[in-house]
Amino acid sequence: MSSLTSYLLLSALLFSIGLAGALTRRSAILVLIGIELMLNAANLNFLAFWRYGPNPAALTGIMFTIFSISVAAAEAAVGLGIILAVYRHSSTTDLDQMNSMKG
Amino acid sequence: MTVAFIILAALTTAGMAAAMGLRNLVHCVLALTLGFAGLAALYLQLGAQFVGFTQILVYVGAVAILAVFAIMMTQSAGPTRRPVFSSAWVTGSIVAGCVFAVLAWAICSSEVSRKMLPPEPEATVHQIGDALMHTFVLPLEIIGLLLTVALIGAVVLAMPEKREMR
Amino acid sequence: MPETIDQIFVVSKHWLLGHLPTGVQPMFSALLSVVPVLIVFPLLFAITTVLERKGLGRIQNRYGPNRTGPFGLFQPIADAVKSLTKEDIVPHTADEVVHFLAPLLLVSAAFLAYAVVPVGRNMVVADLNAGVLFFFAVGSLVELAVFMAGWSSRNKYSLLGAMRAIAQMISYEVPLVLASVVVIMAAGSLSTVAIVKAQAGYTGILPHWFVFTPWGFAGFVLFMIAATAESNRSPFDLPEGESEIIAGYYIEYSGFKFALFFLGEYLGMFATSGMAITLFLGGWAAPVSFLTWVPSYFWFFSKLLVLIAGFIWVRGTLPRLRMDQLMNFAWRFILPMALLNIFIAGVWHFMSVGPLRWLVCTILVVAPCILLSRSLKQEKKLQVRTYRFAE
């Protein structure tokens with residue numbers, strides 16, 4: 001198994017762990033953490049393809065990863081702000097109890 | 001598949017699995033930080049120095065702290081006795097397992113992994129700066145705008161509502 | 001002859017490596033670079049503790065420690081023996097794993113930062129291409145260690161102190177990085193060795209250090225203020241003040257772990273001073289051109305000792321800042337000044353050499369400084385008395 005395959009498999013494994021966490025955990029904060037994990041797995045994928053791909057001099061993989069890190073950080077901030085606002089309203093972060101649109 | 005890769009991959013997977021599986025939220029975030037550090041080491045292994053250090057600076061130094069603050073501010077008193085997994089955990093696990101199976105099959109059966117691997121590319125900070133200022137200047141400006149909007153939005157969302165005082 | 005004394009450590013390291021088989025040479029090379037760092041800086045920490053206590057004592061018109069040894073100079077040995085033999089108390093409800101790992105993480109992060117500080121000519125542990133970025137990345141690990149310490153103790157005061165410390169560190173991290181961005185712009189590289197090289201050279205007898213330019217001086221002052229806040233030193237030591245919160249996030253630590261926290265804090269102080277020397281004060285370069293025969297590491301450590309003396313002086317002189325004053329200062333004075341400093345450095349770069357750019361840049365530094373500080377000062381106006389009742 002070549003290096004590229006091992007990196008891609010690791011990235012797929014991390015992605016599915018993040019997906020499993022985001023789909024099965026009860027706390028809203030952990031769902032957000034799962035999403036961050038999925039984004040990180042995608043970053044690893046980008047960098048693996050940059051390193052072992054056809055045109056590393058174009059730096060596309062690195063650029064994508066840098067922008068992905070920035071966007072993920074911004075999204076984490078806004079997501080946690082939303083969770084705080086919801087907590088202030090309903091005193092819980094349990095996703096199973098946030099099932100009504102009416103406040 | 002060097003020894004360094006195997007150790008780092010095991011560390012990262014263990015950290016991330018613990019982050020998704022532990023009961024105590026703060027332990028989850030600390031395990032997540034370990035996973036982030038493992039990923040940063042993998043980026044360094046791939047030769048992307050700038051991205052590796054940025055990963056530590058942004059994720060470990062900012063996102064993990066943010067998650068920890070959010071946990072501190074949303075925890076009701078005492079540890080939770082409720083079940084850790086939500087009511088739809090069976091479906092979720094099956095979906096995640098299927099996604100991993102499909103991805104692994106696609107990776108292992110593709111032509112990409114059988115080609116010759118090129119030598120180590122060079123990605124100095126100078127080249128990254130050049131690329132950011134010439135080829136990727138539009139995404140750079142948009143990211144700046146996005147981060148400003150996110151900053152203002154997060155502050156507005158989390159601001160306590162004003163209460164009238166007699 | 002001066003070159004031999006200057007490069008004596010490098011030459012002896014290569015001589016030692018020559019005796020080893022080529023297979024293990026990389027590992028031993030790394031070991032031989034790292035072990036001196038692990039020896040020298042804790043020794044410097046030991047000397048600094050006694051110097052600080054004596055210095056603070058003199059500023060406060062009293063003797064410092066003077067019982068152990070001549071002039072109290074063996075005090076660090078006494079402190080070390082005490083901290084090693086004290087009972088290590090872990091609270092019953094504390095989270096033992098996290099409680100144990102917090103000081104380890106702090107000290108590891110503090111030691112990692114020394115990898116990119118060039119101590120002398122050809123004497124840097126790792127010449128990384130993105131050295132300055134590595135330094136700040138490792139510095140941000142300290143905040144996580146502080147949180148771990150505060151949270152694992154299961155003590156409300158400890159948690160409060162940790163949250164305050166993290167808020168302070170995050171607030172001052174941005175100006176710290178921005179103050180160094182000016183230097184990166186001027187030197188054109190993130191590598192610390194290249195930054196020191198960009199400050200080499202002398203006009204007449206005066207050196208080309210970045211601190212001798214208007215933007216460099218402003219950047220240096222901002223960097224030192226942010227560094228004082230980052231390492232929780234007075235006047236920014238509210239999270240750990242004895243009279244405020246009784247040692248904040250390391251209340252529940254005793255014995256060797258407490259000594260590790262102390263060590264980590266001082267090592268962080270030395271590391272940021274070392275980075276300030278590299279960025280602004282010319283690294284290991286001599287201050288005047290006729291003194292270049294003195295070894296480079298001598299100049300680095302002298303500058304480091306001067307900066308440490310500055311830290312001790314400020315600690316003994318200024319009163320402690322309150323939390324809201326501290327945060328106001330960071331976000332409404334230091335951060336705008338750091339951003340303006342970047343602009344001023346750009347103006348300096350694009351104007352032609354001469355007295356005009358000195359005049360323009362000095363005015364551009366001084367005027368916003370005065371205006372910003374005026375706007376931060378709150379005027380005491382007489383107000384209608386309002387009552388707030390507990391709800």
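What percentage of the 103 residues of chain A count as buried? In this predicted model, the share is 54%. The paragraphs below start with chain A, then turn to the core and to the contact of chains B and C.

Chain A makes a friendly starting point, with three helices and zero strands. Read from the N terminus, its elements follow the order α-α-α. The overall form of the chain can be described with a few numbers. Its C-alpha trace spans about 55 × 25 × 15 Å along the principal axes. The radius of gyration of chain A is 17 Å, whereas a compact globule of 103 residues would have a value near 13 Å. Contacts between residues far along the sequence can also be counted: among contacts in chain A with a separation of 6 or more, 52% join residues 24 or more positions apart.

Two of the helices in chain A can be followed in detail. Helix α2(A), residues 28-52, packs with helix α3(A), residues 60-90, at an angle of about 175 degrees, and their axes lie 9 Å apart. Angles over 145 degrees count as roughly antiparallel, and α2(A) and α3(A) are therefore roughly antiparallel to each other. On the α2(A) side, the residues that meet α3(A) include Leu32(A), Glu36(A), Leu39(A), Phe46(A) and Trp50(A). The α3(A) side contributes, among them, Ile62(A), Phe64(A), Ser68(A), Ala72(A), Gly79(A) and Ile83(A). Sorted by class, this contact of α2(A) with α3(A) has 16 nonpolar, six polar and one charged residues.

Beyond chain A, attention turns to the largest nonpolar core, which has 178 residues. Within this core, Ala64(B), Ala145(C) and Ala276(C) touch the most other members. The element that gives the most to the core is helix α3 of chain B (residues 49-74), with 15 residues. Ala145(C) can be looked at a little further: leaving aside its neighbours within four places in sequence, this residue is in contact with Ala102(C), Leu105(C), Leu106(C) and Ala109(C).

Finally, there is the contact between chains B and C. Chain C supplies 19 residues to this contact and chain B supplies 16. On the side of chain C that touches chain B, the elements giving two or more residues are α6 (131-139), α7 (141-152) and α8 (156-187) of chain C. Of these, α7(C) provides the largest share, six residues. By class, this side of chain C has 15 nonpolar, two polar and two charged residues.

Terms used:
Residues numbered from 1 in each chain as written. Chains lettered and ligands numbered in written order. Predicted model: local features only at pLDDT ≥ 70, side-chain atom pairs only at ≥ 80, totals over all residues. Contact = placed C-beta atoms within 7 Å. Helix = DSSP H or I, 4+ residues; strand = E, 2+ residues; numbered from the N terminus. Nonpolar A, V, L, I, M, F, W, Y, C, P; charged D, E, K, R; others polar. Core = buried A, V, L, I, M, F, W, Y, C linked by C-beta atoms within 7 Å. Buried ≥ 20, exposed ≤ 12 C-beta atoms within 10 Å, placed from the backbone. Rg over C-alpha atoms; globule rule 2.2 N^0.38 Å. Axes fitted to C-alpha atoms, helices over the stretch in contact; angles between N-to-C directions. Parallel < 35°, antiparallel > 145°, perpendicular 65-115°, else oblique.
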